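Trainee: Could you take me through a single part of this model in detail, and then set it beside whatever else helps to place it?

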Amino acid sequence: MASTKNQQDGSTAVLSWIYAVCTLVIGALGLHAGCKENKHGLKIFSGLIMVGLVANLVLGFTVVVGHNQIYRTFQDSETAGLLLEDSSFRKEIIQLQMKENCCGLGSASDWGANIPDSCSCYSYRSDCMDAPTGSQGPERVYRKTCGKLIADTLHPMIKVAMGIYFGMASLCLLGFMMSLVMIRQVQRPDGIIPVGRA
């Protein structure tokens, strides 16, 4: 699992660099075309900026949908059970349960019949509850779920990603409108855009 995580981190870093370089190259193309008043360069720039607008909107909406699916995934005990079958994920959740006093992703029943000792709650306070009927392991488990904790931890990062993608989409739209105005200005022989008829 460590090599898979490293591969995911590596691919995320590569995609982030590609995104940054593409943004820089498109911006440089627009700057060059605008300074040189190159009509064809401005048209290419406006086309690329529209591609950037669509790509940022798609990425932004993908993050929004993914954000909603995270909450639903942790609430679905069947999906949570499948996630807990992965031994490395299982170890991480057990460590999280010991550290944060939580149990399961959506509930203690995510563990099936064998609830680990990391779910043990030794008090009769409101943060403890009886273990699911027919389960082996501790008699009392933590009421708080780890899935909500994970989702709440990811929430600020997802908000930042949404802000970046939708903010970049807004800048792309602004750049597209400015490039259209510049194309129109370059096409006119005197370089003046009429505001309206007198």
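Mentor: What follows is a close look at one pocket, and after that at two loop residues and one helix contact.

The model is a predicted one, and the part I would choose is the second largest pocket, whose volume is about 480 Å³. Its lining is made up of 24 residues, and those closest to the centre of the pocket are Thr23, Ile26, Ile49, Gly52 and Cys172. Three elements each give two or more residues to this lining, namely helix 1 (2–36), helix 2 (39–75) and helix 5 (146–187). Of these contributions, that of helix 2 is the most, with 9 residues. When the lining of the second largest pocket is sorted by class, there are 16 nonpolar and 8 polar residues, while no charged residues are found in it.

Among the residues closest to the centre, Gly52 deserves a longer look. Glycine 52 belongs to helix 2, and it counts as buried because its relative accessibility is 16%, where the cut-off for buried is under 20%. Isoleucine 26, also named among the residues closest to the pocket centre, lies 26 residues from glycine 52 in sequence, and the C-alpha atoms of the two are 9.0 Å apart in space.

Between the helices there is backbone detail to note as well. The loop between helix 1 and helix 2 holds glutamate 37, a residue that has a positive phi of about 50° although it is not a glycine. With a relative accessible area of 56%, glutamate 37 is exposed. Asparagine 101, which is likewise not a glycine, has a positive phi of about 55° and sits in the loop between helix 4 and strand 1 (128–130). Its relative accessibility is 36%, so asparagine 101 counts as partly exposed.

Helix 4 also takes part in the last feature, a contact with helix 3. The axes of helix 3 (residues 77–85) and helix 4 (residues 87–100) come within 5 Å of each other and cross at roughly 105°, which means that helix 3 is roughly perpendicular to helix 4. On the side of helix 3 the contact involves Leu83, Leu84 and Glu85, and these meet Ser87, Phe89, Arg90 and Ile93 of helix 4. By class, this contact of helix 3 with helix 4 has 4 nonpolar, 1 polar and 2 charged residues, whereas the lining of the second largest pocket has no charged residues.

How values were computed: Residues are numbered from 1 along each chain as its sequence is written. This is a predicted model: local features need pLDDT of at least 70, side-chain atom pairs count only at pLDDT 80 or more; totals for chains, interfaces and linings use all residues. Side-chain values use heavy atoms; hydrogens and water are left out. Axes are lines fitted to C-alpha atoms, for helices over the stretch in contact, and angles run from 0 to 180 degrees between N-to-C directions. Helices (H or I, at least four residues) and strands (E, at least two) are DSSP runs, numbered from the N terminus. Angles under 35 degrees count as roughly parallel, over 145 as roughly antiparallel, 65 to 115 as roughly perpendicular and the rest as oblique. Contact means heavy atoms within 4.5 Å. Ala, Val, Leu, Ile, Met, Phe, Trp, Tyr, Cys and Pro count as nonpolar, Asp, Glu, Lys and Arg as charged, and the others, Gly among them, as polar. On a 1 Å grid over the protein atoms alone, a cavity is a set of points where a 1.4 Å probe fits but cannot get out, and a pocket is an open set with protein on both sides within 12 Å along at least five of seven lines; lining residues have an atom within 4 Å of a point. Grid points are joined across faces, edges and corners, and a volume is the space filled by probe spheres set on the points. Buried means under 20% relative accessible area, exposed over 50%, partly exposed in between (1.4 Å probe, protein chains only).
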